[in-house]
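Student: I'd like a close look at a single part of this structure. Could you walk me through one helix and its surroundings?

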Amino acid sequence: MRAFETEKTDVAEVDRSIYDIKDGENAAFEVNSGLTRDIVEKISEEKHDPEWMREFRLKALDTYNKMPVQNWGPSIEGLDMNNIVTYVRPNTEMRGKWDDVPEDIKNTFERLGIPKAERASLAGVGAQYDSEVVYHNVKSEVAEQGVVYTDMESALTGPYAEMVRTHFMKLVPPTDHKFAALHGAVWSGGSFVYVPAGVHVEIPLQSYFRLNAKGAGQFEHTLIIVDKGAYLHFIEGCSAPKYNVANLHAGCVEIYVGENARVRYSTIENWSKNMYNLNTKRAKVEKGGTIEWVSGSFGSHTSCLYPMSILAGEGARMEFTGITFAGAGQDLDTGAKVVHAAPGTSSHITTKSIARDGGISNFRSSVTVLPNAKNSKSAVSCESLMLDDRSRSDTIPEMDIRCDAVDVGHEAKIGRISEEAVFYLMSRGLSEEDARALIVGGFAEPIAKELPVEYAVEMNNLIHLEMKGSIG
């Protein structure tokens with residue numbers, strides 16, 4: 001056995017052990033698998049929904065039952081909703097003090113580094129375990145600025161109930177696609193954020209989503225409203241242990257960016273490779289506002305993820321920066337969408353994807369410029385790196401330009417690692433696998449520098465560890 005193959009076995013086990021922690025099954029309640037009217041009504045009852053939300057769920061269920069599964073993109077034939085449990089309540093109430101969280105759940109998040117991150121650099125943290133938020137806290141100095149950061153259930157029935165009602169699934173209606181309808185019927189957990197006009201939240205807020213239950217789905221809803229002239233950086237992380245049955249993630253993120261406001265939304269998803277990640281994210285940006293997406297997709301068996309920005313006000317801006325790493329048994333279909341709906345708007349999409357060991361990494365972009373969006377600009381750039389002849393990477397751009405006075409461009413590059421570069425680095429004393437990992441790390445570096453520090457380190461470690469033993 002070659003030396004690096006032995007090292008690969010050891011390192012890979014250490015790497016995945018962080019995420020592959022499996023807590024014992026200790027749910028306080030869970031619904032039967034499948035999706036029926038009785039199950040949706042039971043979820044609504046367990047959540048103590050107001051009547052309008054109960055009716056919303058049932059209408060979304062009807063929409064789900066009438067809509068076909070998409071006939072494009074990666075196959076999701078291995079996902080059978082009859083085998084998915086849509087609601088699992090952990091054996092705890094939501095806590096505002098970390099010490100009050102049950103030990104088994106607390107230990108899981110401790111190992112993932114969430115409390116440490118909170119203490120070090122975060123303004124507030126929400127932690128969701130299966131279908132419920134188990135911990136939520138926001139620093140007093142942030143709350144004193146009038147910033148609201150709480151779980152969705154509390155927002156649904158608290159002082160901001162009317163704000164939730166007027167914004168909930170208005171950007172992503174259940175009629176958008178089949179899994180948006182599914183989300184509308186069975187959603188649970190997630191975060192609500194409101195930043196008042198002129199307030200700059202100088203340090204990030206973070207939510208972390210952990211799915212422990214085998215054969216279950218997670219359907220958290222994140223609603224963010226940032227008022228005129230305000231600023232927010234929101235970080236989302238997610239992971240799950242690996243099982244030999246399908247799990248499903250079909251969350252939803254809705255972001256409202258006010259006039260001259262700015263929001264940065266950073267995501268690192270490290271789902272296990274039995275996960276179907278069918279997530280929907282969408283932002284509406286008013287005059288002079290900015291939405292920045294930073295996205296890293298490293299896990300899941302199959303992903304369909306295309307954050308969308310609606311540039312609704314004059315001079316609104318969107319930036320999307322993403323990286324995807326697909327390995328054996330992964331089909332990751334990712335990208336971004338933007339609609340220029342006002343004059344002088346601009347968008348810039350930059351992505352890098354890496355495929356190895358037979359993985360599939362596809363990039364899709366959709367740029368729409370409406371007739372009134374004069375003097376708008378859009379640039380799309382995607383680069384793909386394939387590490388062997390068994391992997392695949394495709395670029396699938398779509399442009400719908402309905403205005404002549406615009407500047408729109410698209411470029412794509414697909415390539416392999418240069419053997420000359422590997423040879424050169426080996427001549428300088430590096431092993432073959434370290435040389436290749438260094439080249440891949442350099443390819444990904446422009447994206448990594450946009451990530452929060454702890455996630456950039458995680459990404460670089462993951463790339464290096466995944467590269468170990470992938471040669472030959």
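Tutor: Happy to; here is a walk along one helix, H3, and on to a neighbour.

A word on the source: this is a predicted model, in which local features need pLDDT of at least 70 and side-chain atom pairs count only at pLDDT 80 or more, while totals for chains, interfaces and linings use all residues. Residues are numbered from 1 along each chain as its sequence is written, and side-chain values use heavy atoms, with hydrogens and water left out.

Helix H3 covers residues 51-66; helices here are DSSP runs (H or I, at least four residues), strands are runs of E with at least two, and both are numbered from the N terminus. From its first C-alpha to its last, H3 reaches 23 Å with its 16 residues, close to the 22 Å expected at 1.5 Å a residue. That expected span is 1.5 Å times one less than the number of residues.

Let's start at residue 51. Glu 51 forms a salt bridge with Arg 54, and their closest N and O atoms are 3.3 Å apart. The term salt bridge means a side-chain nitrogen of Lys or Arg within 4 Å of a carboxyl oxygen of Asp or Glu. The two residues sit three apart in H3, so about one helical turn separates them. In general, an α-helix has 3.6 residues a turn, so residues three or four places apart point the same way. Glu 51 is partly exposed at 45% relative accessible area, and Arg 54 is partly exposed at 28%; buried means under 20%, exposed over 50%, and partly exposed in between (1.4 Å probe, protein chains only).

The buried side of the story involves Trp 52, Met 53, Phe 56, Arg 57, Leu 58, Ala 60, Leu 61, Thr 63 and Tyr 64. These buried residues of H3 pack against helices H2, H7 (152-157), H8 (161-167) and H9, where contact means heavy atoms within 4.5 Å.

One of those partners, H9 (residues 178-186), deserves a look of its own. Nine of its nine residues are buried, so H9 is largely enclosed by the rest of the structure. Among them are Lys 178, Phe 179, His 183 and Val 186. The buried residues of H9 pack against H2 (37-46) and H3, and also against strands E9 (221-226), E11 (247-249) and E12 (252-257).

For comparison, here is a salt bridge elsewhere: the side chains of Arg 402 and Asp 400 meet at 2.8 Å, N to O. Back at our helix, shared salt-bridge partners join Glu 51 and Arg 54 with Arg 37 and Glu 41 into one network.
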